[in-house]
Structures are given as C-alpha cells and as structure tokens.
Amino acid sequence: MLSISKIPSTTLLAIVSTAFIGTVISLFVSANTVVQGQLGLNPVPTTEEVIATYVVRIPPGAALQDSPIHYYPDNIAIPSGITVAWFNDDPGQPHTVTSGVPDSPESGVMFNSGIMPYTSFFQHTFDGQLENQEIVYHCEIHPWRTAKISVSSAFEQGHYFVFASGTGQVLNLTEHDRTLIDFRPLTVSTDSTTPLTYNITIMEGGTDNSTTTFSRSFFTIGNNDLQLELILRPDQNKTTVYGPDITDPVTGAYHVEGNFMEPGKEYTIRAEITSIGNDEPPGRVVDDFSFRVVS
C-alpha cells in the first residue's frame, strides 16, 4: 500500500475533495460507543458533552483494497486526553473503526464503532490512563484497511501553559511525520463565547540569536486549549496552515504543514496568549518549550 506521507498534496486534495474539513459535529456523553450523523452543533453541547478535537476521514473509494488511502491520516500521534472523531465520507459504503488487528482476541476491546453508514461518525477519547501506547485499528468489513494512533502521556509544565505532544519533545521522522501538540493555559480561563487569541512561534535553536521558522496567530472559542498539529514535509517549499477541524465552537485542531523544521536540529516553540476577547491580558502570558527533530 502506498504510504500516505508520499502521496502528493494535489492527489490528496482530489481524493478528499468531498470531505469538508471544517464540518461541525454534534456529540454527546455516550458518543464513545455510539455512531451519530453529521448534524452540526445546534444547540451548542452542554458542559457534560464531549466535543472531538481531531478528525480522521474515511475518504471516497476507501472500500477498494487497492485504494491509496483508507483512513486519512492513517498514522497520527496525539497527547492523551484527545478525542478523535472518524467520519465516513465514502458514498454508499459502510465501514467500522475497530481497535486491534483483524481477527485477534483484542479486536474491538478498546473501541468499536459498529457499522458506520455513509455520512455518520464515531468518536473515542484516548484518556489519561494511556501511557505511550501505539494502537492499531481496522475496518471489520474491509480488514485490509488498517491505521494506527500513537498516544503519549508526556508533558511539560511552564509558568503559563502545559505543553503536551503526541511524540513527547522529540519528533522521530522515521516513525512519524506529524505530531499533535496541546497548549493548555494555566492562568487564563474564559466562558464559552469569549475567544482566545494565541501566537505560536517556532525558532531554530534557543531564544538567543535564534531564527524564526514559523509564526502565526490562532484562536479558539469554547475551549481554552489550542491543539496544533505539526506536519513535516521536507520536499515542500511553502508552509500551509489549515483548520480548525471543528468550527462550532472553534475547538478543533489546526494543522501546520511544510518544511519549517529539519532533522538533527533543536527548536524552541513559544506559546503566547495575545488577547482575551477584545482585551489584552493583564500581563504577558508566554512560555518557551524545547523540541527536537530526528530521523
């Protein structure tokens, strides 16, 4: 099977052109084990409900054994506590999202969506009890369709943020070309209607005499955390930013894709909250975290 990391972006765009990355989701407490339709968040969920922050797609043509993509993306790395939602965007084809390898005694023990009709979704929360696990999953209807999720419990606490990455503080490109980072503010909290604006800067080396390789502002509404997936593409000249995966409220992951970090180098990732609604924070809210890329 063709590795997803080697599929040109134009090919991926054509394959998932019917999938709307910003699709909103209506989820509720029992959604870890129940398949629901893509109904949108109307009304906004209550505090007891769980809203996914990372979306995986089952694209058109995924039922075909020779399809280059069965789940997209098919190899992700997330911090523990993240809720993943899988959407069936394959017209006329039912699928499942089932943990474990096909026909094994562990198949479906951790999670199992059951039959997912076209336009439905399933979600699962990878809670804090998971520590540095690699989880394989598959489709029971099409058992050649497999993918995996790596879950890391590693985190670093700064003065103003907790920094958690799906690969810890080292991104090994031999194992992963992407990692989801969660920035959780420790001193700033808002209600469900007040946006937070973040500025994320990536610098090669330390903060002294460093070179900025990426800088961008992001915002969230309804969730104080910022989830940002770093996707390294050494053969890509420009950096592309897209997301969030969930748009109502704005809680889903953003994605930064490009050649903004290189193997064998140390980086500093700076997280700063620059505004709370229309107001500046009462003081500077900023932390620096170290990060290394290897291959």
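# A tour of the predicted model

Select Ile 269 to begin. Setting aside neighbours within four places in sequence, Ile 269 is in contact with Phe 163, Ile 181, Phe 183, Ile 200, Thr 201, Ile 202, Leu 230, Asp 287, Asp 288, Phe 289 and Phe 291. Keep in mind throughout that this is a predicted model.

**The whole chain**

Zoom out to the full protein chain, which has 295 residues, 49% of them counted as buried. How many helices and strands are there? The protein chain holds one helix and 18 strands. Its exposed area is about 13200 Å², and carbon and sulfur atoms supply 50% of that area. Now think about which parts of the sequence meet. Take the contacts between residues at least 6 apart in sequence: 67% of them join residues at least 24 apart.

Colour the chain by pLDDT. The average is 83, and 81% of the residues score at least 70. Then select residues 1-48, where the pLDDT is below 50. This stretch still has 103 contacts in the model beyond near neighbours in sequence. Where pLDDT is low, the predicted coordinates should not be read in detail.

**The cores**

Return to Ile 269 and add Phe 183, Leu 230 and Met 261. These four have the most contacts inside the largest nonpolar core, a set of 29 residues. Which strands each supply at least two residues of this core? They are strand 10 (161-172), strand 11, strand 12, strand 13, strand 14 (226-232), strand 16 (254-258), strand 17 and strand 18 (285-294). Apart from this core lies another, of 23 residues, which includes Met 116, Ile 135, Cys 139 and Ala 147.

**Strand 12 and its two partners**

Select residues 196-204, which form strand 12. Is strand 12 mostly covered or mostly uncovered? It is mostly covered, with seven of its nine residues buried. Add residues 211-220, strand 13, which pairs with strand 12 in the antiparallel sense over nine bridges. To see one position in this pairing, find Leu 196, which stands opposite Thr 220 in strand 13.

Next add residues 265-276, strand 17, which is joined to strand 12 by nine bridges and runs antiparallel to it. Here Ile 202 has Ile 269, the starting point of the tour, as its bridge partner in strand 17.

**Leu 180**

Move to residues 178-185, strand 11, and pick out Leu 180. Why does Leu 180 count as buried? It does so because its relative accessibility is 0%, and the limit for buried is under 20%. Show what surrounds it: leaving out residues up to four places away in sequence, Leu 180 touches Tyr 54, Ala 77, Ile 78, Pro 79, Ile 82, Ala 164, Ser 165, Gly 166, Gln 227, Leu 228, Glu 229 and Ala 253. Draw a distance from Leu 180 to Ala 164. Their C-alpha atoms are 8.4 Å apart, and the two residues are 16 apart in sequence.

**A four-stranded sheet**

Now look for an open sheet of four strands in the order 3-8-7-5, with mixed pairing. Strand 3 (75-79) and strand 5 (98-99) are at the edges; each has a single partner strand, so one side of each has no neighbour in the sheet. Select strand 7 (residues 133-138), which is antiparallel to strand 8 and joined to it by six bridges. One pair to label is Tyr 137 and its bridge partner in strand 8, Ala 147.

Stay in strand 8, residues 146-152, and select Ser 150. Ser 150 counts as buried because its relative accessibility is 9%. Show its side chain together with that of His 176: a polar contact of 3.3 Å joins them. Apart from residues up to four places away in sequence, Ser 150 touches Ile 76, Ala 77, Ile 78, Gln 133, Glu 134, Gly 166 and His 176.

**Strand 4**

For the last stop, select residues 83-88, strand 4, where six of six residues are buried. In a regular strand the side chains alternate between the two faces of the sheet. In strand 4, Thr 83, Ala 85 and Phe 87 are on one side, Val 84, Trp 86 and Asn 88 are on the other, and all are buried.

Add strand 2 (residues 54-58), which runs parallel to strand 4 and is joined to it by five bridges. There, Arg 57 has Phe 87 of strand 4 as its bridge partner. Finally, add strand 6 (residues 120-125), which runs antiparallel to strand 4, again with five bridges. Ala 85 stands opposite Gln 123 in strand 6.

Terms used: Residues numbered from 1 in each chain as written. Predicted model: local features only at pLDDT ≥ 70, side-chain atom pairs only at ≥ 80, totals over all residues. Heavy atoms only, no water. Buried < 20%, exposed > 50% of the residue type's maximum accessible area, 1.4 Å probe, protein only. Contact = heavy atoms within 4.5 Å. Pairing = 2+ DSSP bridges. Polar contact = N/O pair within 3.5 Å; in protein donor to acceptor, adjacent residues only side chain to side chain. Core = buried A, V, L, I, M, F, W, Y, C linked by side-chain atoms within 4.5 Å. pLDDT = per-residue confidence, 0-100. Areas by Shrake-Rupley, 256 points an atom, 1.4 Å probe, with all protein chains shown as cover.
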